Each structure stands twice: as structure tokens, then as C-alpha cells.
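Open the model in your viewer and keep the sequence panel beside it. We will go from the whole chain to single side chains.

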Amino acid sequence: MTSAYAPGPVLVFDGDCAFCSSCVRWAERYPRQSLSSAGWDAVAWQFADMAALAEFTGGEVSAERASREVLWVTPDRKVYGGAQALARLLMRSGGLWAWAGGALALAPVRPVADVVYRWVARNRDRMPGGTPACALPRRS
């Protein structure tokens, strides 16, 4: 991973989703306590070396998983998905962001954060900046 990606964690997201892309771009340019200065990189799974990421993480990362949830891949091969990926991004960012991320990772809050994340993911085509192309395939 260190040769293909930044030495810090990597946020893998769905680059075909305008809502997801907008959220990542916002995090990269947030003007105050900069989320982007926290030593992480973002890559759309469509442009990532998914085979290398899968090998690096022991199969934890796949295109199918990355199309459904954001992934936070650490240099020590840990993978966090969905709300917990966002929690790790926030914790890495310091200041009040770290407190918010820590709260999302707390055992009593985690299940609620996961439910909210899944709801947003299922409805990302209806979120601000979302488009019909953002819609996830409905599972039967």
C-alpha cells in the first residue's frame, strides 16, 4: 500500500456517486480545522487498484463493498466501513472533529450511527448533491 497510496490511511469511496464525491471534496477543502491536513488520502474505488487493496487487507476491500459504503483503510491493514470509516476520519482530524468521531465509535452510539449511515447510503440519490445515478441497486 505504501507504494501506491499515501503513507497514512486511505478513504475509499464511490466516485460514481455525486453525493459521495461532494462529501469527500468538502472534507478535503474544509477551511477551518482542515480535515485534509490530518494525513489521509481519498480515492474513488473506480480509480483505485482494488486488487492491491484486496491483497493488502486480506480480502476486506472489494469493489462491491466500496460501492455500498465508504471504507477507511489504515496502513496497518485494518478496514472500517460505513459510519465507522467516518468516525475514524473524524478522529484523525483532531479538535472537535475528533470528539465527534470518538462519539460515533462509542459502543452505545455505534448501532445508531450504523443505522443512520445505512439510511443515508440507501437514499444517497435523494441527498443534497445526489443524482439518480447515485442510487444503489435495491436488494430483494
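What share of the contacts in the chain with a separation of 6 or more comes from residues 24 or more positions apart? Such residues account for 51% of them.

**Whole chain**

Start with everything selected. This is a predicted model. Color by pLDDT: the chain averages 87, and 86% of the residues score at least 70. Among the elements, strand β4 (residues 79-81) has the highest mean, 98. Helix α1 (residues 18-29) has the lowest, 87.

Switch to cartoon. You should count six helices and four strands. Trace them from the N terminus: the order is β-α-β-α-α-β-β-α-α-α.

Now show the surface. The chain exposes about 7700 Å², with carbon and sulfur atoms supplying 60% of that area. Of the 140 residues, 40% are buried.

**Stop one: the loop before α2**

Select Asp49. It sits in the loop between β2 (41-44) and α2 (50-56). Is Asp49 buried, partly exposed or exposed? Its relative accessibility is 42%, so Asp49 counts as partly exposed, the class between the 20% and 50% cut-offs.

Show its side chain and add Ala52. A polar atom of the Asp49 side chain lies 3.1 Å from the backbone nitrogen of Ala52. Next, draw a C-alpha to C-alpha distance from Asp49 to Ala63. The viewer should give 9.9 Å, for two residues 14 apart in sequence.

**Stop two: Ser93 in α4**

Move to helix α4 (residues 83-93) and pick Ser93. Ser93 has a relative accessible area of 12%; this is under 20%, so the residue is buried. Which backbone atom does the Ser93 side chain reach? It is the oxygen of Leu89, at 2.8 Å.

**Stop three: helix α6**

Select residues 110-122, helix α6. Check its length from end to end. The helix has 13 residues, and at 1.5 Å a residue it should span 18 Å. Its end C-alpha atoms are 18 Å apart, so expectation and model agree.

Now show the side chains of Ala113, Tyr117 and Ala121, the buried residues of α6. Look down the axis. These residues cover an arc of only 70 degrees, so they lie on the same side of α6.

What covers that buried set? Turn on α3 (63-68), α4 and α5 (95-105), which are among the elements that do so. Two earlier selections return here: α4 holds Ser93, and Ala63 was the far end of the distance drawn from Asp49.

Conventions:
Residues are numbered from 1 along each chain as its sequence is written. This is a predicted model: local features need pLDDT of at least 70, side-chain atom pairs count only at pLDDT 80 or more; totals for chains, interfaces and linings use all residues. Side-chain values use heavy atoms; hydrogens and water are left out. Buried means under 20% relative accessible area, exposed over 50%, partly exposed in between (1.4 Å probe, protein chains only). Contact means heavy atoms within 4.5 Å. Accessible areas come from the Shrake-Rupley method with a 1.4 Å probe; for residues, only the protein chains shown count as cover. pLDDT is the predictor's confidence in each residue, from 0 to 100. A polar contact is a pair of N or O atoms within 3.5 Å; within protein, one must be able to donate a hydrogen and the other to accept it, and residues adjacent in sequence count only if both atoms are side-chain atoms. The expected span of a helix is 1.5 Å times one less than its number of residues. The arc is that of the directions from the helix axis to the C-beta atoms.
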